[in-house]
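Reader: I have this model open in my viewer and would enjoy a guided look at one of its loops. Could you start there and then walk me through the surroundings?

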Amino acid sequence: MKSNFIGVIKKTIMNSLNNKVAVITGSARGLGKAIAERYAALGADIVINYSRDKASADEVVSNIKAMGANVIAVQADVSKVADIERLFKEAKEAFGKIDIVVANAGIELVETPVTDFTEEQFDRVFGINTKGTYFTMQQAAKNVEDNGRIIYIASSTTSFPVPGMAVYGGSKTTPRYLVDILSKEIGHRGVTVNSIIPFAVDHSGIFAEADSYPALRKQLLDSCPMGRLAEVEDVANVAEFFASDLSSFVNGQHLLVNGGATN
């Protein structure tokens, strides 16, 4: 009896994504790369997506192949609906199905007051972060298998407004509402739709370089009780949870990964 109990516990706490297929947008580097490699380590087949950086995408593909997982890379600009549709078509042609979709692709534009944003900047940020995410999640809803997982990578600026981030934060807010709606529209299929809301991530995005945005970095560090920015692995941990059976009854939720930061 004791041995069986231990076996059940081990099965419960050890996540496996064997026989799952995951599509992660914007996964040539940063958060998307970390999530793709985590899913591959758990046994999933992976579809890497990139817009321009083929060299970085090829490196991620090599890393994942070294783990023994199946992987392809698909070039697609998520600001173009036709590219998103092609991404999902090629993923299904390669692997026959899609179980997990992570809508991660996005761009950041910070330290720009509302009065200084241009129409071109607005259209570019919303074109990728809002339009791109919307149609990625639309395709996910159409293509993901029953009991699948859809995960949106949001931003803590949607919970704690920061001066200089009006357009960026606004562009990331609309898809949060989409998570709420989509979770209700397709929940009957056993599909969960959730968002991860990361704090600023060190060694990624605008903080890829240690000396970038020093004033903003200090402001964010001062706001976090844990005294550090997030790391990509912090976000990958939650992405693992949302993709696994452990979250099968967690739906329409928005999980802050911010070390207790309050602004």
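Author: Happy to. Let us start with N19, which is exposed because its relative accessibility is 64% and the cut-off for exposed is over 50%. Please keep in mind throughout that this is a predicted model. N19 sits in the loop that links helix 1 (2-13) to strand 1 (21-24). Its backbone deserves a look too: phi of N19 is positive, about 70 degrees, although the residue is not a glycine. As background, most residues other than glycine have a negative phi.

The loop has another residue to visit, S16, which is also placed between helix 1 and strand 1. S16 has a relative accessibility of 40% and so counts as partly exposed, since that class lies between the 20% and 50% limits. What does S16 lie across from in space? Its C-alpha atom is separated by 7.1 Å from that of S244, although the two residues are 228 apart along the chain.

If you would like a second example of the backbone feature seen at N19, go to Y213. Phi of Y213 is near 50 degrees, again a positive value in a residue other than glycine. Y213 belongs to the loop between strand 6 (192-198) and helix 7 (214-223). At 30% relative accessibility, Y213 is partly exposed, whereas N19 is exposed at 64%.

From the first loop you can also follow strand 1 to another part of the chain. A22 is 82 residues away from N104 along the chain, and their C-alpha atoms are separated by 12 Å. N104 itself lies in the loop between strand 4 (100-103) and helix 5. Is N104 buried or exposed? It is buried, because its relative accessibility of 11% falls under the 20% cut-off. Leaving aside residues up to four places away in sequence, N104 touches I24, T25, G26, L31, G32 and I153.

Helix 5 (residues 119-143) makes a good next stop, with F122 and F126 both in it. These two residues are four apart, about one turn of the helix. The model has four aromatic pairs by the ring-centre rule. One of them is F122 with F126, a stacked pair with 4.3 Å from centre to centre and 15 degrees between the planes. Y134 and F135 also form an aromatic pair, in this case edge-to-face, at 5.0 Å centre to centre with 75 degrees between the planes. As for their surroundings, F122 is partly exposed with a relative accessible area of 37%. Y134 is partly exposed as well, at 41%, and F135 has a relative accessible area of 24%, which also makes it partly exposed.

G132 takes us on to K80. The C-alpha atoms of K80 and G132 are separated by 7.1 Å, with their positions 52 residues apart along the chain. K80 is found in the loop between strand 3 (71-75) and helix 4 (81-95), and with a relative accessible area of 48% it is partly exposed.

Strand 3 itself contains Q75. This residue is partly exposed, at 29% relative accessibility. Which residues does Q75 touch, not counting those up to four places away in sequence? They are N49, Y50, S51 and R86. For N49 there is a backbone distance as well: its C-alpha atom and that of Q75 are separated by 5.8 Å, and the two residues are 26 apart along the chain.

Now zoom out to see where these stops belong. The protein chain has eight helices and seven strands. Its radius of gyration is 18 Å, close to the 18 Å that the globule rule gives for 263 residues, so the chain is as compact as a globular protein of that length. Along the principal axes, the C-alpha trace spans about 65 × 45 × 40 Å. Buried residues make up 50% of the 263 residues, and N104 is one of the buried residues.

The pairings above can be set beside a figure for the whole chain. Of the contacts between residues at least 6 apart in sequence, 74% join residues at least 24 apart. On the outside, the accessible surface comes to about 12600 Å², with 54% of it belonging to carbon and sulfur atoms. Finally, there are 26 positive and 30 negative charges in the protein chain, and their mean positions are 7 Å apart.

Note on methods. Residues numbered from 1 in each chain as written. Predicted model: local features only at pLDDT ≥ 70, side-chain atom pairs only at ≥ 80, totals over all residues. Heavy atoms only, no water. Rg over C-alpha atoms; globule rule 2.2 N^0.38 Å. Buried < 20%, exposed > 50% of the residue type's maximum accessible area, 1.4 Å probe, protein only. Contact = heavy atoms within 4.5 Å. Areas by Shrake-Rupley, 256 points an atom, 1.4 Å probe, with all protein chains shown as cover. Lys, Arg positive; Asp, Glu negative; His and termini not counted. Charge placed at Lys NZ, Arg CZ, Asp CG, Glu CD. Phe/Tyr/Trp six-rings, centres within 6.5 Å; stacked < 30°, edge-to-face > 60°.
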